[in-house]
Structure formats: structure tokens, C-alpha cells
Amino acid sequence: MSTLMRAPRESGSWFWDLEEFAAPGLESALSTAARMVEVLSKHGLLAPHKLTYDWYVLDVGSIGITTTLALVNSMTDPSLPERIRQSRPQGFAAAEVDDVHIVGSGTWIDAHGDRHVEPHLVDLSVSPAPIGLSAELSVFHDIWGRYDFAGRPHPEVQDRNAPRLAAALTDLNSMLGVNAEPGEATYFGIAGTLGIETPEALEDGSGPNVTDRL
């Protein structure tokens with residue numbers, strides 16, 4: 001069972017425009033995702049176990065169907081693109097794969113230094129869209145920032161987790177050859193270049209309390 005509160009929207013996200021990194025298409029997207037997963041796994045942030053993806057028809061849009069595919073082998077399995085295509089919904093022969101989400105678990109560290117495995121610690125998606133390859137990384141928990149979701153400072157938690165996220169983003173930027181663009185601010189946090197920005201503290205030293213929307 002999860003030991004962390006997870007926000008319904010991201011507390012931070014980072015986007016990479018990868019048009020110059022690799023060609024669009026499913027094989028390219030999966031190859032890129034595999035390399036990104038390798039980086040995230042090195043920092044203990046993502047151990048993948050399944051993929052989820054929607055389907056769309058060109059010039060029509062989404063067909064409202066989501067497919068879940070277990071990763072029986074690694075992300076580098078050469079049969080993976082064909083397995084995905086073989087999962088195309090019947091009746092939609094022209095359907096193409098939309099963003100591919102790599103779903104798994106990651107490790108976070110509490111204030112005492114104990115490690116915990118958390119499902120969906122980060123969300124990684126890669127788009128094979130013909131207009132150009134792109135990728136996005138999102139986080140939904142409060143362990144990356146100075147305050148928890150109730151506005152209480154938890155510097156020990158931040159100090160044990162935020163540097164790992166910053167190191168992963170640094171390594172991803174280096175590997176992809178382009179710096180990530182921070183996503184838009186949400187009610188739950190503001191993404192900076194390499195992590196979550198610290199909001200202005202209230203007079204009592206606390207941060208924003210966002211538990212009303214959890």
C-alpha cells in the first residue's frame with residue numbers, strides 16, 4: 001500500500017523536444033524510452049513493469065481506448081514494437097499509438113533514511129507522433145520540495161530525494177542533448193530547471209497547504 005499522498009495533478013513536469021535527437025515513430029520512441037528508463041533506474045526512480053497507451057486515428061483524433069501491455073522482458077526487447085501493434089483495437093485498422101507511458105515503481109527515502117518502494121513515483125511518457133519525437137517526465141508527490149502537501153517543512157525528506165531527481169534530470173539532459181523545459185505551474189507545485197521550486201514561506205515559516213485538493 002502506498003505510504004505517500006499523491007496529487008491528482010503533477011507537482012512538476014519536464015518536457016523534451018527531441019526532433020533533432022531521433023526520428024519520430026514507434027521504434028524510435030521505444031528506443032528513446034529505454035535509454036531514459038536506464039537513467040531513471042540508475043537513480044532508483046523507475047523500475048518499469050508495464051506500458052499504457054491510447055490510440056488515435058489521423059485527422060479524426062482519439063478513439064477513446066487505452067491499452068495496457070505487461071513488460072514480459074526489458075524495454076529493449078526487439079519484439080516490443082510488434083507486440084504493441086498487435087494490440088491495436090479491432091475495428092480500428094488505421095489506429096496509431098499515442099503517447100506511451102512507462103509505468104513502474106521507484107524508491108523514495110524518508111526523514112530517517114529508510115528506503116521505500118512507491119508505485120508511480122515518476123511518470124515517463126514518450127510520444128511517437130509523426131510531427132516529432134518528444135518526452136515528458138512528471139512527479140506527483142511532495143518529497144521533492146521543501147514542504148509537504150500540508151505546508152510543513154520537511155528538509156530531511158527533501159535533502160534525501162530532491163538531489164536524486166536533479167541528478168536524473170541532469171543525466172537525461174546530457175544523454176538527450178537538449179535541456180528539458182519545465183512544465184506549467186500547477187496547484188501542487190512549480191517545476192524549476194532541475195527540480196521543484198520553493199514557494200514563498202508564510203509568516204509562521206510554513207508553505208502552501210494544498211490538502212484541500214488531495
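**Charges over rings**

I looked first at Arg6, which lies over the face of Phe140, 3.9 Å from the ring centre. I count a charge as sitting over a ring if NZ of Lys or CZ of Arg is within 6 Å of the ring centre and within 35 degrees of the ring normal. I found Arg213 over the face of Tyr187, at 3.7 Å from the ring centre.

**Basis of the entries**

I note that this is a predicted model, in which local features need pLDDT of at least 70 and side-chain atom pairs count only at pLDDT 80 or more, while totals for chains, interfaces and linings use all residues. Residues are numbered from 1 along each chain as its sequence is written, and side-chain values use heavy atoms, with hydrogens and water left out.

**Aromatic pairs**

How many aromatic pairs does the structure hold? I recorded three aromatic pairs. Rings of Phe, Tyr and Trp (its six-membered ring) pair if their centres lie within 6.5 Å; planes under 30 degrees apart count as stacked, over 60 as edge-to-face and the rest as tilted. The ring centres of Tyr53 and Trp55 are 5.7 Å apart and the planes stand at 70°, so I entered this pair as edge-to-face. Tyr53 and Trp55 are both buried. I take buried as under 20% relative accessible area, exposed as over 50% and partly exposed as in between (1.4 Å probe, protein chains only).

I then turned to Phe149 and Phe188, an edge-to-face pair with 6.2 Å centre to centre and 70° between the planes. Phe149 lies in the loop between β7 (134-139) and α3 (155-176), and Phe188 in the segment after β8 (181-182), so the pair ties together parts that are 39 residues apart in sequence. Helices (H or I, at least four residues) and strands (E, at least two) are DSSP runs, numbered from the N terminus. Phe149 counts as buried at 3% relative accessibility, and Phe188 counts as buried at 11%. I also noted that Phe149, Tyr187 and Phe188 form one aromatic cluster; Tyr187 is the ring with Arg213 over its face.

**Helix α1**

Does the span of α1 agree with its length or disagree? At 1.5 Å a residue, the 17 residues of α1 should span 24 Å, and the end C-alpha atoms are 24 Å apart, which agrees. The expected span is 1.5 Å times one less than the number of residues. I listed buried residues of α1, among them Leu26, Ala29, Leu30, Met36 and Leu40.

Leu26, found in helix α1, is buried with a relative accessible area of 8%. Leaving out residues up to four places away in sequence, I saw Leu26 touch Pro81, Ile84, Arg85, Val97, Val100 and Pro128; contact means heavy atoms within 4.5 Å. Leu26 and Val100 are 74 residues apart in sequence and 9.0 Å apart in space, C-alpha to C-alpha.

Ser41 also has its place in α1 (residues 26-42) and is partly exposed, with a relative accessible area of 35%. Apart from neighbours within four places in sequence, Ser41 is in contact with Leu46 and Pro48. A polar atom of the side chain of Ser41 lies 2.5 Å from the backbone oxygen of Leu46. I measured nothing by experiment here; the C-alpha atoms of Ser41 and Ser105 are 9.7 Å apart in space, across 64 residues of sequence. After α1 comes Gly44, with a positive phi near 75°.

**Helix α3**

I checked Gln158, which lies in helix α3 and counts as buried at 11% relative accessibility. Beyond four places in sequence, Gln158 touches Ile143, Trp144, Gly145, Arg146, Pro163 and Thr198.

**Strand pairing**

Which strands pair with β1? Strand β1 (residues 12-17) pairs with β7 in the antiparallel sense over six bridges, and β1 pairs with β8, also antiparallel, over two bridges. Two strands pair if DSSP finds at least two bridges between them. I located Phe15 opposite Glu136 in β7, and the bridge partner of Phe15 in β8 is Glu181.

**Positive phi outside glycine**

Asp59 has a positive phi of about 70° although it is not a glycine. I placed Asp59 in the loop between β2 (47-57) and β3 (61-70), where Asp59 is exposed, with a relative accessible area of 78%. His120, likewise not a glycine, has a positive phi of about 55°. His120 lies in the loop between β5 (115-119) and β6 (122-127) and is partly exposed, with a relative accessible area of 35%.

Key
Polar contact = N/O pair within 3.5 Å; in protein donor to acceptor, adjacent residues only side chain to side chain.
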